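Work through the following exercises with the model open beside you, and try each task before you read its solution.

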Amino acid sequence: MMERVTLALPSKGAIADPTTNFLRDCGLRVDKPNPRQYTGALPAVPGMDVLFQRVIDIAYKVADNTAQFGITGLDVIHEYPHENILVIQDNLGYGECRLLVAVPEAWLDVATMADLADVALDFRELHRRNLRVATTFPFMARKFLHAHGIHHFTIVNAEGAIEAAPTIGYADVIVDLVATGTTLRENHLKPLLDGVILESQACLIGSRVALEQDGVVREAARILLEQMDASLQGKQYSQVTVNMRAGDRNDIARKLVANPLTSGLQGPTIAPIYASHDEDESWFTVTLILPNKQLLQGVDVLRSLGATDVIVTPVRYLFMDHAPTYKRLCEALAIE
Amino acid sequence: MAPRRPRQVQAALGALRSHMSKFGYVPADVPIIQRSDLFLTRAGDQILHKLFTFERHGVSLALRPEFTTPALHRYIADHLYETKTVARWQVAGIIFEDDPADGSTNFERASSGAECIGLAGAAAEAEIIAMAAEGCSALGKPVERIVLGDARLLHAVLSAHNLDVRVQRFVLSHVGALTDPERGADYILERFDAQLAAPSSSLNTDSQDVEEVIRAILVTNERGRAMGGRTQPDIARRLVQRQQRAAQRQPLQDALRLLAHLAKIRTVPSEAIRLIMSFPGAELWDQTLQNWREVIALLDVYGYPESCLQLVPILARDWEYYSGVMFELYDARGSHVAGGGRYDEFARLIGAPCDIPAVGFTYYLDALLHEMPSSSTPHVWTILADHDLAQAVGWAQSLRHKGIPIQINHVDPAGSRELRLNDDGTLSFGDVRYTFAELESLVEAINGKQR
């Protein structure tokens, strides 16, 4: 049994700050005493240390069990798959980007992977060489190109400034991560219509062997996932409080529950308001938890039922009867 | 992939080597490491994504994924074509593939086959087919069915419809879809529209003409300097070619319709030839049909009558690579145990100044050795000697020279006590002690026990 458990987090790059922000929002504040230090602590999880690493090294550290948990990009895990790396949560909700194939905008005749397959043959016949593909994702790029019938290509391994490769001239096309597309456009490149290799975002990974064999590691996983699931679930809902007038609170309840837009998670909470003036009908305060996606529609229904004074507050945490991700993890590990 | 059984594989390779030697095929030495370009030229692209490559000093190298390409390359490098040398080479050993289909890290497997390079005609083809089939019999897996095809028939159909080289190559690489019930000719046409002929979404080519191409070139100027190794004329040329290829859709459709009918033929040679000759324009295939007849007649002499042959005009395998007769061998279980064909035009693709007649085949050892009983291991006798090792070595060498496998051990963990060296230099076998003078008696006793 381990006494200490290590969580590896990105030390720099696009998901470094969003990761510490995400953990803070989950109630998992990261203490880093010194910006130049590579270690820290996560006080909310007893016995957990934090190790700051590059996103690729996070995968390596979890693969060799130096760290038992890590947060990195899904793209990294797909590029460097390892049997000991278990993707525990692949949808942390930040760091979204796409790994895709992009070609020069000037290639007016190329819009799809099928076009690129034809152009690859042109390279062999006209230029007597292979199509050159600049990327830091050679494993996924190779598989994707072959799957689209492109076999005559050479991977040009590159580190940084890949978007400039077709302009500088050391590659013809690129396979790279794209978040907004601005950098592509500024370098006169365009994505192919069917050239998306992977939709990526930040993910939580764990060491399979540590999770299978060590109860301390599993308990750490449970605490992490309870907090993360509660936070991620909470972000999808709002708490809505309205005042409504009715002769009977049951009238309100029946109307609200009958409409899926206002039925809430389990149903409304209805409490009487003790008004200072006498009226024929009573006032009630109704509290509901509604999904953000249908919030406005729900508010419209409430208004149509006579609701006033609509107050909407974000739900910070929503703890369900169990943490679904932890349950899935246990099923994946075949443990109780 | 079947689990590897090294001893069984080695025994099979040895048996095949011996069998092919009877046909005059000598073992050829084929390097394991080659420049990867050599394999990239093999058309059909089937092996490319399986190629195990690595880089040394800026040169891309590959572990051999098959034997045919390096064998032919050696024939070319040695300029044997200049003297019209006929090379009958057998090849055997380990071949390599990256990303194995079973997801394992088992990157290597044994392979065996033969190449007859420098000899044209039906005689070489029948020789290779018969030798391949008899090799299966030598391993206890007699061939039940020989399937014959010919790449020239397909090439003749495509040429007769005046399809350009790229479209022909495209059809060759997709022809397997014709015999796939879920794809068929419509699938090939869809791929043709998407890849070779349809207007790209970036440019409306409905009324494409020279002026529009010029305008397109001007637009590329406005879109920056990122050209990625293509020139504006490259882009303009492809736009024009796509437009021209769109005009090939109808002849392509006609060709595919004819090929789809041909693809349905799968029967005994006499009936298949009759059906093929009933097609309009069948005179284009006279040469192919005559070659088939000659091969079939010779196979009959080799002991493979028409009843075990099947003609399949559109035999879906490596079309771009083969240039003549193609064949597949099946055992009684219907397993595909060997395959090959003629590939005269391949030599040019890997640097020869001319076509070189060549025909070859490969055994599929996984299928061939499937359910084959493991070969028995010869028993290795043990001399237990904890003193006077020189005496023990003397005994061991004498017994080895008499054909008895021997090892010397200092301890006897298995408690076998097969042969024990005694203090007086004699050797005990069972309850009997033998002196050097009684070596023949000892050998007789050991052989008697072995039996």
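**Exercise 1. Pairing in a mixed sheet**

Task: Find the bridge partner of A:Ala134 in β9(A), and then place the two strands in their sheet.

Solution: Begin with the residue pair, where A:Ala134 has A:Ile174 in β9(A) as its bridge partner. This is a predicted model, and the pair is read from its coordinates like every other feature below. Next, look at the strands as wholes: β7, residues 131–135 of chain A, and β9, residues 173–178 of chain A, are parallel to each other and are joined by three bridges. Now widen the view to the open sheet of five strands, whose order in chain A is β8-β7-β9-β6-β10 and whose pairing is mixed. At its edges stand β8 (153–157) and β10 (189–200) of chain A; each has a single partner strand, so one side of each is left without a neighbour in the sheet. From one strand to the next, the twist averages 25 degrees. Finally, look for the helix that packs on this sheet, which is α4 (residues 113–126) of chain A, in touch with β6 (97–104), β7, β9 and β10 of chain A. The direction of α4(A) makes about 115 degrees with that of β10(A).

**Exercise 2. An antiparallel sheet**

Task: Work out which strands are the edge strands of the four-stranded open sheet in chain A, and which residue stands opposite A:Ser238.

Solution: Write down the strand order, which is β13-β14-β12-β15 in chain A with antiparallel pairing. The edge strands are then β13 (269–273) and β15 (308–314) of chain A, since each of them pairs on one side only. Neighbouring strands in this sheet are turned against each other by 20 degrees on average, if direction is ignored. For the residue pair, turn to β12 (residues 237–246) and β14 (residues 282–291) of chain A, which run antiparallel and are joined by ten bridges. There A:Leu290 in β14(A) is the residue opposite A:Ser238.

**Exercise 3. The two faces of a helix**

Task: Decide where the buried residues of α11(A) lie around the helix axis, and what covers them.

Solution: List the buried residues of helix α11 (residues 295–304) of chain A, which are A:Leu295, A:Gly298, A:Val299, A:Val301 and A:Leu302. These residues cover an arc of only 160 degrees around the axis, which puts them on the same side of α11(A). On the face turned away from that buried side are the exposed residues A:Leu296, A:Arg303 and A:Ser304. The cover over the buried residues includes β12, α10 (249–258), β14 and β15 of chain A. Following the chain onward, you meet A:Gly306 just after α11(A), with a positive phi of about 100 degrees.

**Exercise 4. Cysteines without a bond**

Task: Find how many disulfides the structure holds, and examine the surroundings of A:Cys26 and A:Cys203.

Solution: Counted over all chains, the number of disulfides is zero. For A:Cys26, the nearest cysteine sulfur belongs to A:Cys203 and is 14 Å away. For A:Cys203, the closest cysteine sulfur is in A:Cys97 at 11 Å, which is too far for a bond, because a disulfide needs sulfur atoms within 2.5 Å. As a last step, check the accessibility: A:Cys26 counts as buried at 0% relative accessibility, and A:Cys203 is buried with a relative accessible area of 0%.

**Exercise 5. Positive phi angles**

Task: For A:Asn65, B:Lys84 and B:His57, state the phi angle and describe where each residue lies.

Solution: Keep in mind that most residues other than glycine have a negative phi. A:Asn65 is not a glycine, yet its phi is positive, at about 70 degrees. This residue sits in the loop between α2 (55–63) and β4 (69–73) of chain A, and A:Asn65 is partly exposed with a relative accessible area of 23%. B:Lys84, which is not a glycine either, has a positive phi of about 50 degrees. The loop that holds B:Lys84 runs between α3 (68–77) and β5 (87–96) of chain B, and B:Lys84 is exposed, its relative accessible area being 68%. B:His57 has a positive phi near 50 degrees and belongs to the hairpin of β3(B) and β4(B), which has two residues between the strands. Those strands, β3 (residues 52–56) and β4 (residues 59–63) of chain B, run antiparallel and are joined by five bridges, with B:Phe54 opposite B:Leu61 in β4(B).

Key. Residues are numbered from 1 along each chain as its sequence is written. Chains are lettered from A and ligands numbered from 1 in the order in which they are written. This is a predicted model: local features need pLDDT of at least 70, side-chain atom pairs count only at pLDDT 80 or more; totals for chains, interfaces and linings use all residues. Side-chain values use heavy atoms; hydrogens and water are left out. Two strands pair if DSSP finds at least two bridges between them. Axes are lines fitted to C-alpha atoms, for helices over the stretch in contact, and angles run from 0 to 180 degrees between N-to-C directions. Buried means under 20% relative accessible area, exposed over 50%, partly exposed in between (1.4 Å probe, protein chains only). The arc is that of the directions from the helix axis to the C-beta atoms. Contact means heavy atoms within 4.5 Å.
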